[in-house]
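Trainee: I am new to this one. Could you take me through it step by step?
Mentor: Certainly; please look at the model first.

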Amino acid sequence: MKLSDFDFDLPEELIATRPARPRSSARLLLAQGDAIADRVVTDLVEILRPGDRLVLNDTKVIPARLTGTRTRPGAAGEGTARIEVTLLAPRADGCWSALVKPLRKLREGESIVFSDRLSAELVGREADQAVLRFDLMGDDFDAAIAEVGAMPLPPYIAAKRAADAADREDYQTVWAARPGAVAAPTASLHFDEALMAALEARGVSFTHVTLHVGAGTFLPVKVDDIRDHKMHAEWGQVSEKAAAEIAATRATGGRVIPVGTTALRLIESAARGGQIAPWTGETDIFITPGFEFRVAHGLMTNFHLPKSTLMMLVSALMGVDEIRRIYDHAIANRYRFFSYGDASLLLPHRGR
């Protein structure tokens with residue numbers, strides 16, 4: 001298929017820059033088979049059935065935007081330059097891939113000082129990215145960047161406003177547990193403690209998995225033939241407990257519904273052998289129309305960017321023509337789009 005098959009015109013004013021308050025008051029487009037209904041997120045309590053299982057990504061967004069200084073001796077004394085860093089992903093060697101501005105003025109071996117307790121050394125370059133080694137690790141690193149970092153808002157929000165104190169809570173799920181993401185699993189931002197309790201009372205179960213969302217989720221597709229696109233990789237884990245819970249739900253006739261494309265990509269990665277199984281590693285799974293879903297019965301997700309890999313994913317789940325109809329409805333009815341926007345619950349007809 002061609003990239004243009006996943007394009008649409010979106011009015012600028014429908015891009016949300018703040019979330020709904022409370023979280024669960026956001027609108028919810030329910031697409032069930034070929035029927036579309038306008039609901040709100042709290043309606044999940046009546047839409048979902050006892051025995052259904054929501055799969056939740058428990059990654060935790062780190063405040064990945066950092067501002068530091070580089071100091072270098074010169075003829076007139078020491079010169080100091082401001083350095084902007086956006087962390088992209090942790091590496092297996094303990095370093096971080098990052099965007100650094102201005103990278104061309106930073107030499108390998110030089111240090112960037114972010115605070116009196118946190119600094120990083122430039123140890124290499126990979127294309128337009130820097131490889132940084134921080135002087136802290138583990139809990140000490142998490143605590144230090146929590147003090148000096150800002151939340152890494154998506155580019156379409158950051159272009160409209162700077163991150164502020166409210167984003168520390170708004171851009172984090174209520175069940176976030178494992179630090180490592182530089183972007184939120186945004187469909188999960190619609191849940192609050194009250195909704196979780198109501199769903200549990202309804203008989204809906206929850207399974208936690210981890211996929212550390214990377215900045216690659218915002219990379220544009222630059223090829224016309226989507227088969228030529230190289231998908232970014234992200235680290236994920238489906239524990240033995242999680243795999244067993246999902247398998248048990250399917251065996252007893254319940255529906256497995258991931259909350260967010262990250263959770264869906266992860267569990268489908270863990271089921272490429274035919275059935276869900278414990279899995280740990282980096283996934284670059286690219287879900288496009290024609291994909292065989294082996295685990296998910298549906299998906300709760302926000303509304304995605306035109307010509308994005310996520311538009312391809314939801315088109316694979318619902319069908320290209322049906323997704324066009326769903327998005328036409330969302331735009332006509334003024335749903336709010338992207339990370340802080342409204343949600344959809346996509347439940348295709350698959351004989352289930």
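Mentor: Before we begin, contact here means heavy atoms within 4.5 Å. Please also keep in mind that this is a predicted model.

Trainee: Understood. Which residues is S339 in contact with, leaving aside its neighbours within four places in sequence?
Mentor: S339 is in contact with P154, Y156, I157, Y171, T186, L189 and N302. With Y156 there is also a polar contact between the two side chains, at 2.6 Å.

Trainee: Where is S339 found?
Mentor: S339 sits in the loop between α9 (320-332) and β17 (343-347).

Trainee: Is S339 buried or exposed, and why?
Mentor: S339 counts as buried because its relative accessibility is 5%, and buried means under 20%.

Trainee: Changing topic: how many cavities of 30 Å³ or more does the structure hold?
Mentor: The structure holds two of them. The largest cavity has about 60 Å³ of space, and the second largest has about 30 Å³.

Trainee: Which residues line the largest cavity?
Mentor: S339 appears again here, in a lining made up of P19, A20, R23, A26, T186, L189, H190, N302, S339, Y340 and G341. By class, that lining has five nonpolar, five polar and one charged.

Trainee: And what lines the second largest cavity?
Mentor: Its lining residues are M231, R265, I285, F286, I287, T309, L310 and L313. Six are nonpolar, one is polar and one is charged.

Trainee: Which helix gives the most to that lining?
Mentor: Helix α8 (residues 309-318) does, with three residues.

Note on methods
Residues are numbered from 1 along each chain as its sequence is written. This is a predicted model: local features need pLDDT of at least 70, side-chain atom pairs count only at pLDDT 80 or more; totals for chains, interfaces and linings use all residues. Side-chain values use heavy atoms; hydrogens and water are left out. On a 1 Å grid over the protein atoms alone, a cavity is a set of points where a 1.4 Å probe fits but cannot get out, and a pocket is an open set with protein on both sides within 12 Å along at least five of seven lines; lining residues have an atom within 4 Å of a point. Grid points are joined across faces, edges and corners, and a volume is the space filled by probe spheres set on the points. Ala, Val, Leu, Ile, Met, Phe, Trp, Tyr, Cys and Pro count as nonpolar, Asp, Glu, Lys and Arg as charged, and the others, Gly among them, as polar. Helices (H or I, at least four residues) and strands (E, at least two) are DSSP runs, numbered from the N terminus. Buried means under 20% relative accessible area, exposed over 50%, partly exposed in between (1.4 Å probe, protein chains only). A polar contact is a pair of N or O atoms within 3.5 Å; within protein, one must be able to donate a hydrogen and the other to accept it, and residues adjacent in sequence count only if both atoms are side-chain atoms.
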